Amino acid sequence: EGLIRKDEYMQIGIRGPLSGANDYADAKELGARTVTIHEVMEKGVKEILKEVHERIKGPVYVTVDIDAADPAYAPGTGTPEVGGLTSYQMLQLIRGLHRLDLIGFDLVEVSPPFDHADITAALGNRVVLETTATGAAASLAISDANTVAAGELGFTSGQSIGGGQLNRSTNFQGLTLDSPDDADWFQFTL
């Protein structure tokens with residue numbers, strides 16, 4: 001149908017049994033780039049994010065499947081599969097999307113009946129918060145010079161906004177956005 005731009009569709013953190021022998025080949029034929037968990041662990045989040053930014057050029061919709069995280073960090077899912085991302089790696093990946101044109105996102109596969117001690121809910125909550133903050137940063141056009149320039153706003157580095165200072169770690173009403181220049185970065189099942 002042409003709804004997804006060929007070669008800009010990525011799945012990150014894929015692992016576990018396949019449905020059929022041609023799953024990866026079929027995905028590739030449709031233009032999907034499948035990044036297995038093995039590749040994420042071998043290359044590291046920073047390199048995976050570099051590829052994300054090289055491949056994705058237009059508006060992007062992100063789906064976060066909570067079962068991309070290892071069940072040690074997100075047991076409350078209908079399809080737990082060991083050997084996944086840590087919660088930190090998942091958040092690194094989300095934060096690393098900050099310069100993309102994020103137009104929407106969803107979080108799937110959180111299953112409260114399987115979520116003892118609300119571990120998955122805590123990660124899911126943070127994923128939603130971080131993704132929202134990442135989208136907010138993009139819409140406020142935070143530049144490398146650490147300047148916010150959106151509509152009526154004209155705040156520059158060092159000025160107070162939402163209780164924080166605009167600098168490499170910018171705080172918008174309690175949502176902290178870390179600069180990839182200061183930290184290692186991440187992403188999951190997109």
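# Strand pairs, burial and salt bridges

Author: I12 stands opposite V35 in β2, and in the same strand the bridge partner of M10 is R33. This is a predicted model, in which local features need pLDDT of at least 70 and side-chain atom pairs count only at pLDDT 80 or more, whereas totals for chains, interfaces and linings use all residues. Residues are numbered from 1 along each chain as its sequence is written, and side-chain values use heavy atoms, with hydrogens and water left out.

Reader: What makes β1 and β2 a pair of strands?

Author: Two strands pair if DSSP finds at least two bridges between them. For β1 and β2 there are 5 bridges, and the strands run parallel, so the rule of at least two is met. Strands here are DSSP runs of E with at least two residues, helices are runs of H or I with at least four, and both are numbered from the N terminus.

Reader: How do you know that β3 and β4 pair, and in which direction do they run?

Author: Strand β3 (residues 59–65) and strand β4 (residues 101–108) are joined by 7 bridges and run parallel; the count therefore satisfies the pairing rule. V60 stands opposite L102 in β4.

Reader: Why is the unit of β1, helix α1 and β2 called right-handed?

Author: A crossover has that name if, with the strands pointing away from the viewer, the path from the first strand over the helix to the second runs clockwise. The β-α-β unit of β1, α1 (residues 23–29) and β2 is right-handed, and so is the one made by β3, α4 and β4.

Reader: Why is E130 called buried, and what is R126 called?

Author: Buried means under 20% relative accessible area, exposed over 50%, and partly exposed in between, with a 1.4 Å probe and protein chains only. E130 has 2% relative accessibility, so the residue counts as buried. R126 has a relative accessible area of 34%, so this residue is partly exposed.

Reader: What makes the contact between the side chains of E130 and R126 a salt bridge?

Author: The term requires a side-chain nitrogen of Lys or Arg within 4 Å of a carboxyl oxygen of Asp or Glu. Here the N to O distance is 2.7 Å, so the pair qualifies. E130 and R126 both lie in helix α5, 4 residues apart, about one turn of the helix. E130 also forms a salt bridge with R95, with the closest N and O atoms 3.0 Å apart. That pair links distant parts of the chain, from E130 in α5 (residues 119–139) to R95 in α4, 35 residues apart. Both E130 and R95 are buried.

Reader: How many salt bridges does the rule give?

Author: The count comes to 7. One of them joins E51 and R33, whose closest N and O atoms are 2.6 Å apart. E51 is in helix α3 and R33 in strand β2, 18 residues apart, which links distant parts of the chain. Both residues are buried. R33, E39, K43, E51 and R55 are linked in a network of such bridges.

Reader: How do you know that the buried residues of α3 line one face of the helix?

Author: In α3 (residues 45–55), the buried residues are V45, I48, L49, E51 and V52. Down the helix axis they fall within an arc of 155 degrees, so they line one face. The arc is that of the directions from the helix axis to the C-beta atoms. These buried residues pack against β1 (9–14), β2 (32–36), α2 (37–43) and α4 (87–95), where contact means heavy atoms within 4.5 Å.

Reader: What makes α4 and β2 mostly covered?

Author: In α4, 7 of its 9 residues are buried: Q89, M90, L91, Q92, L93, I94 and R95. In β2, 4 of its 5 residues are buried.

Reader: Where does pLDDT stay under 50?

Author: It does so over residues 142–190, for which the model has 133 contacts beyond four places in sequence. pLDDT is the predictor's confidence in each residue, from 0 to 100. The protein chain averages 77, and 72% of the residues score at least 70.
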